[in-house]
Amino acid sequence: MNRAAKKKYSCAIVWPAITVVVLGIAAVMFSLVSCGNDWNAPAEVKSERNPMPATGANLDAAKAIYLDRCVNCHGVKGNGEGPEAEKLAVAPKDFTDSHAMNEVTDGELFWKIGVGRRPMPSFKNRLSEDDRWLLVDYIRTFSTRLAAPSGSTAAPGRP
Ligand code: HEC
């Protein structure tokens, strides 16, 4: 093969290679986006009971974890205005929105804390199950319980 033929051969391979790489990246991005949209807890998790009662001592313990792990994004008041929130591509959920909070069950909140969704990290391996249930109790204190959604184990009227 002379020099010119060699050059032609290597150019011919470049474009198909680029196409393959671009398609690969597109496929990865597509799957990431579709994974990201699916943040629905399985039905059996939604109706799970919260084993940790919202006692004063439990809420104190939960608050300490919240201030350590969650406050940077979700804010001291739970309104999603933590110091890091502005830098995030997705706004943290507003836990003071009673209507929105009444739409989700304890099991759902527990599941979401476990799996996370970018930019929110997954806490499954960072916090124990008990701690994640405690956090559910704690983030409920930011909103008013309007009516217990089906599957919820919390008492109505709890602050
Ligand atoms: C890096 C920032 C960040 C940290 C740290 C963080 N979160 Fe989040 N959280 C978010 C964002 C952003 C969302 C919204 C994600 C979305 O809707 O895609 C969210 C959503 C949630 C939701 C879902 C609410 C709903 O009804 O859909 C819960 C529950 C939650 N966070 C609890 C926590 C708890 C508890 C902690 C601490 C253990 C925590 N988060 C730490 C950023 C964060």
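This passage describes the fold of a protein chain, the setting of one histidine and the surroundings of a ligand in a predicted model.

The secondary structure of the protein chain consists of 7 helices and 0 strands. Along the sequence, these elements follow the pattern α-α-α-α-α-α-α. The protein chain comprises 159 residues, of which 21% count as buried. Among the contacts in the protein chain with a separation of 6 or more, 60% are made by residues 24 or more positions apart.

His74 belongs to helix α4, which spans residues 71-74. His74 is classed as buried because 23 other C-beta atoms lie within 10 Å, where the cut-off for this class is 20 or more. When residues up to four places away in sequence are left aside, His74 touches Gly80, Gly82, Pro92 and Phe95. His74 and Asp94 are 20 residues apart along the chain, and a distance of 7.4 Å separates their C-alpha atoms.

The ligand is surrounded by 20 residues, of which Cys70, Cys73, Pro92, Lys93 and Met120 come nearest. Two or more residues of this shell are given by each of the elements α4, α6 (106-115) and α7 (129-140). Helix α4 thus appears both as the element that holds His74 and as a contributor to the shell around the ligand. Pro92, likewise, is among the residues that His74 touches and is one of those that come nearest to the ligand. By class, the shell around the ligand contains 13 nonpolar, 5 charged and 2 polar residues.

How values were computed: Residues are numbered from 1 along each chain as its sequence is written. This is a predicted model: local features need pLDDT of at least 70, side-chain atom pairs count only at pLDDT 80 or more; totals for chains, interfaces and linings use all residues. Helices (H or I, at least four residues) and strands (E, at least two) are DSSP runs, numbered from the N terminus. A residue is buried if 20 or more other C-beta atoms lie within 10 Å of its own, exposed if 12 or fewer, and partly exposed in between; C-beta atoms are placed from the backbone. Two residues are in contact if their C-beta atoms, placed from the backbone, lie within 7 Å. A residue is near a molecule or strand if its C-beta atom, placed from the backbone, lies within 6 Å of it. Ala, Val, Leu, Ile, Met, Phe, Trp, Tyr, Cys and Pro count as nonpolar, Asp, Glu, Lys and Arg as charged, and the others, Gly among them, as polar.
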